[in-house]
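Me: Could you take a close look at one part of this structure for me? I would like to start with a sheet, and then hear about whatever else helps to place it in the chain.

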Amino acid sequence: MERDYPLEKVRNFGIIAHIDAGKTTTTERVLFYTGVSHKIGEVHEGDTVMDWMEQERERGITITSAATTCFWTPTYEDLKDKTKKNRFNIIDTPGHIDFTVEVKRSLRVLDGAVVVFDGVAGVEPQSETNWRYADEAKVPRVCLINKLDRTGASFEHSFSTILDRLSRNAVRMQIPIGLEDKFEGVVDLLRMKAYYFEGEMGNLVVEKDLSAQAGIPENVIKDAEKYHSELVEKIVETDDTLMTEYLEGMVPNIDTLKKTLRRAVIANKIFPVLCGSALKNKGVQLVLDAVVDYLPSPLDIPPVQGITENTEEHIERHTSDQEPFAALAFKVATDPFVGQLIFFRVYSGTLSAGSYVYNPRTRNKERIGRILRMHANDREEVKKVFAGEIAAAVGLKDTITSDTLCDENHPIILDRIVFPEPVISLRIEPKTKADQEKMGMALNRLAQEDPTFKVSTDQETGETIIAGMGELHLEIIVDRMKREFTVEANVGKPQVAYRETINGSAEAEGKYIKQSGGRGNYGHVRIKVKPMEALTKEELEDLPKNTKRSQGFEFVNSIKGGVIPQEYIPACEKGFREGLDRGIVAGFKMVNVSVDLWDGSYHEVDSNEMAFKIASSMAVQDACRRANPVILEPMMKVEVVTPDKFMGDVTGNLSSKRALIEGMDDRGMNKVIRAIVPLSEMFGYMTGLRSMTEGRASFTMEFLRYDIVPSNVAEIIISARK
Ligand code: GDP
């Protein structure tokens, strides 16, 4: 079977945004324009179109699944290849901050992104976080300043927040014609043409030549000329030859400019900024054209990196059907019609339905049942998927998010997606005996779908504990358990997931030796402990790296000459892990500890695994106790938007919560306060903020990093644990 689509026509991209910036509306418009773009004639009865979308929503049909495939024919007249449509695989990125990590995960499998901003607020906290994740994953981006029809909207203000807070390499690709209720169209600064959107859904794109000036206001022309030059310069700067020519007075033609811009966007050197109003159906089609023009196809991205299964050698794979099969499972979802679906991205090779894939994590082969491609309102069964494609598999039971699927004869482990550990937990108790059985099953299923959601059992009380990234995250899980699995449960108060770590290094010896009659026990280890990663000040401030501190344990085996036989080493490692999990200061799991096992001894007859495990656990506890152990707490990035007159109350209240106020800005009539606040101080903040501000302030919050708890607070935590 042959590939049905040329790869250079494929775009795997996602739409990312701060909540409420308009991601859902934009996505709906995209699906509308791509779905019925060939049926434009019918759209004259505008109402039916809106109805169609309302109904979809009411019937709860998933208009977007984890990845939705659709097709797009560019609008621009000068896109020569009109005959060939482009295939879009739109990868869903969730809206709420508690799920920012899902954005991180989707960024791993998409090749480019459209970043949507609110045209009144400009850059918001989550836009910043997502932007950094995208920087880290080197994902090329085009920006859309949305909602320009709103009162108070300002393209220039929003654009300046992008320049100031995200990147100096952002550049205007368009400017709006009119704003607020006078927002009519956009000027394309590269082509120097104006575009208006007509028809009920804005699906008729009307192009006007700027030089002809037809109905285009004078001030727009002036700005357009100024920013056109700026754009051309910015593009030319990325190419030495063009730059030299430009300095000699030669201006490249549109084709050259576009090609150069495409290269620069793909290399993350330029971020083009577009404008529109998804709600008012203005500009979305041109964003899709920009996706085609400037975002990479799977052929434009660097080869994917991985390691070999046993020797851990570094290898890479190219987007090519000829290379061995390698794919990354990036989402496990439950589909009402077909059951469990595993969404995967193929990096190299091909995969046919009915064949087997190898999973290096489980070291097992699994048979791929059906392969599906998800569309906006139907699913298509495909026989084979090719390199660079995204699809969903039915029938994989043992695959979880972030597993590699590959050719058994050419195993590879693609870089795993690193997820932060949960910061909040609560106890959950089934209401009835019948619920009890179902609850375990439901929670496991949900944990399989969501790598930031964890289920555990309290060793002492036997109660079930669920943990996640925020109050809302856990609320949604409990709600899904009720709706999808009909399990009723009582939930306890949310608790902060504290951690412990060491700030220094120490050595210790652990001996578990009992030799009185019969067969004895003999385990003896000598170890050194130190922080796995001593974070520099810069790293502490650099968000993406901060997850490091909240996780991990590193085991270094420096045993030489068999002073401890190899067969006991795994037991030692297990002992270290158990010792660390028990904690030192207040019984919280210890993280970021490196344990070096460098010496010890054994006894021919009396040594056994259990003895080494106990000796190791004792040794690691002893060493950590002397290595300056401390408690860590999750810190949240908080942004409060409040009317000016409550500013004093809000900041005063934040300060009483141990907040570090990072900055204050104006946003229209309101003030924005940015702060870093311990999670433990933020429970019930919503209610407090409302009553403080007559319900007129709002806030957003997301996990930032783990910090050391000040000693006075540590004392309170410790005594509460006793
Ligand atoms: P999401 O949270 O990013 O998915 O945002 P939504 O698409 O759900 O939009 C949030 C709110 O903003 C909704 O009430 C939308 O109707 C509204 N909205 C979205 N796009 C626009 C726009 O272009 N103009 C205006 N005025 N409102 C918009």
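Reply: Happy to! Please keep in mind that this is a predicted model. The part to look at is an open sheet of three strands, which run in the order β13-β12-β24 and pair in the antiparallel sense. Its edge strands are β13, covering 314-317, and β24, covering 413-414; each of them has pairing on one side only. Strand β12 takes in residues 304-307, and two bridges join β12 to β24 in an antiparallel arrangement. If you want a specific pair to display, pick Gly 306, whose bridge partner in β24 is Leu 414.

Now for the wider setting. The chain as a whole has 17 helices and 38 strands. It holds 722 residues, and 55% of them count as buried. Taking contacts between residues at least 6 apart in sequence, 73% join residues that are at least 24 apart. The exposed surface of the chain comes to about 31,800 Å², with carbon and sulfur atoms supplying 49% of that area.

A single residue is also worth a visit: Asp 111, which sits in the loop between α3 (100-109) and β4 (112-118). Asp 111 has a relative accessible area of 4%, so it counts as buried, the limit being under 20%. Its side chain makes a polar contact of 2.7 Å with the side chain of Arg 345. Leaving aside residues up to four places away in sequence, Asp 111 touches Asn 12, Val 139, Pro 140, Pro 296, Ser 297, Pro 298, Ile 301 and Arg 345.

Finally, the ligand, which may well interest you as a chemist. There are 15 residues around the ligand, and those that come nearest are Asp 20, Lys 23, Thr 24, Thr 25 and Asp 149. Helix α1 (residues 23-36) gives the largest share of this shell, with three residues. Sorted by class, the shell has four nonpolar, six polar and five charged residues.

Some atom pairs can be picked out here. In the side chain of Thr 25, an N or O atom is 2.5 Å from an oxygen atom of the ligand. For Ser 277, a polar side-chain atom lies 3.1 Å from a ligand oxygen atom. With Gly 22 the backbone takes part: one of its polar backbone atoms is 3.0 Å from an oxygen atom of the ligand. On its own the ligand has 570 Å² of accessible area, and the protein covers 75% of this.

Methods: Residues numbered from 1 in each chain as written. Predicted model: local features only at pLDDT ≥ 70, side-chain atom pairs only at ≥ 80, totals over all residues. Heavy atoms only, no water. Pairing = 2+ DSSP bridges. Helix = DSSP H or I, 4+ residues; strand = E, 2+ residues; numbered from the N terminus. Buried < 20%, exposed > 50% of the residue type's maximum accessible area, 1.4 Å probe, protein only. Contact = heavy atoms within 4.5 Å. Areas by Shrake-Rupley, 256 points an atom, 1.4 Å probe, with all protein chains shown as cover. Near = heavy atom within 4 Å. Polar contact = N/O pair within 3.5 Å; in protein donor to acceptor, adjacent residues only side chain to side chain. Nonpolar A, V, L, I, M, F, W, Y, C, P; charged D, E, K, R; others polar.
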